[in-house]
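Visitor: Could you take me on a close look at one small sheet in this model, and at what lies around it?

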Amino acid sequence: MKERFALMVERDKDALLEDLRKLIAIESVNGVKEKTEEALEFVLKRAEEMGMRTEISSLRNVGFAEIGEGDEMIGILVHVDVVPPGEADLWESPAYELTERDGYLYARGVCDDKGPAIISLYSMKNLMELAEAEGKTIGKRIRLIVGTSEESQWVDMETYLKEFEPPTYGFTPDGHFPIVNKEAGYLDFELSFPETAEALGNITDISSGISVGTVPSTAYYTENGETKRFEGASAHGSLPWLGDNAIVHLAKELKGRGLKFADFIAAHCGESGEQDLFTDPDTCPAEFDRATTIVPTTLELKDGIVTVNMNTRHRYGVLSKDIMAVIDALGAEVGFTSRVTEALEPLFSSASQDWLRRMAEVYESYGYKNEFKLTGGTSYAKSMENIVTWGPLIPGEFDGNHMENELLKKDVVFLCQEMYALYLWGEIQ
């Protein structure tokens, strides 16, 4: 069957890229409801044109496309919202124009997660076509669940679970290969530092950050009418060592002037994700060997208060409340208050399940070695039971998600389309 799917993938290449180009062009930044809804409607409309059943929630913030019949449901969880593009002058091509260079596709959302949404749609299309050609019934429901607020609080998945049936099992193509069945915890908390008028002096603005889950590439403060810009390099919040945090650069510039926020960040946070705010206990399981990271990602001065978002990815065995107990104790000492805005505990899905064994076999049939991996990222896998992350990034490929010049290898697009279709075909036998 692999060869037959390969022929379909080759036939559909231009159509898939055209659909991806159109979806990329919708500037569906998280929180801009008009645009995220437009992107959702685009995917569902294309699904209907391909012959799939579709439904959208009452709040129009999540929907699904479905094929097949039966009691069991395989879910594929994707999202069409994106983080803001960041600094326009750092993009080598326009952020919302799908551009090919040297075998890679570039655009905001091409990898996270509009590309995987379109890839999965075409995998389902190819499965339908092969089943029809073979006179075969698709004996399980396969449902593409399309969200619109993955890059912030998951009100879309809350809506989905209130209005629709959860899948029996499935995957989200919103990360890396091989199979990711372990995810670090996710915690966002805001620190509010009341600063004195004396310490602020003639500083009238302090700002940084494009999203809570992104290491910022720029930070600014304005003093005596002049704005000073600090430059770093953006990175996904789960991979802070790939970036260079501009907030930390700004804090080090302003430390020693009586500004509590600057002294605190300069003392406890490094440009590449280093931190000494929380130490993992020795009791953490060895297979979850990823240290907790706490990274400043957004910064704002308003009415004499500097607010900093701290994006945290915590190790299995550590709970959000453990971290906040340490932070609140520091707050009492330093003079800041804290507020948790989102907390998702670590994820573990047992690798012994048959459907994961079959997924691993399909992956290895393409010449790769499967492992069951841990990631510091967080995905919709945490929103429902028996969901893992599977692709689209293959081992050795650079993870440019949340960065300027986000990218995905063109060949990997079609590899994923074929691999997902082959896996789904095996699940309906």
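Guide: Happily! Let's start at Y106, which stands opposite L407 of strand β23. This is a predicted model, so please read everything here in that light. The strand to follow is β5, residues 104-106, which pairs with β23 in the antiparallel sense over three bridges. Step back and you will see an open sheet of three strands, ordered β4-β5-β23, with antiparallel pairing. Because β4 (99-101) and β23 (407-409) stand at the edges, each with a single partner strand, one side of each has no neighbour in the sheet. From one strand to the next, the twist averages 30 degrees.

Now look at what packs on the sheet: helix α10 touches β4, β5 and β23, and its direction makes about 65 degrees with that of β23.

From the helix we can move on to the nonpolar core. The largest such core has 70 residues, and those with the most contacts inside it are M52, L127, I142, L144, M359, W390 and Y423. Helix α10, which spans residues 410-427, gives the most to this core, with twelve residues.

Y423 deserves a closer look. Leaving aside residues up to four places away in sequence, Y423 touches Y169, F171, W355, R358, M359, V362 and W390. Two of these partners, M359 and W390, are themselves listed among the residues with the most contacts inside the core.

Finally, apart from the largest core lies another, of 38 residues, with V248, L250, F264 and F278 among them.

Methods. Residues are numbered from 1 along each chain as its sequence is written. This is a predicted model: local features need pLDDT of at least 70, side-chain atom pairs count only at pLDDT 80 or more; totals for chains, interfaces and linings use all residues. Side-chain values use heavy atoms; hydrogens and water are left out. A nonpolar core is a set of buried Ala, Val, Leu, Ile, Met, Phe, Trp, Tyr and Cys residues joined through side-chain atoms within 4.5 Å. Buried means under 20% relative accessible area, exposed over 50%, partly exposed in between (1.4 Å probe, protein chains only). Helices (H or I, at least four residues) and strands (E, at least two) are DSSP runs, numbered from the N terminus. Contact means heavy atoms within 4.5 Å. Two strands pair if DSSP finds at least two bridges between them. Axes are lines fitted to C-alpha atoms, for helices over the stretch in contact, and angles run from 0 to 180 degrees between N-to-C directions.
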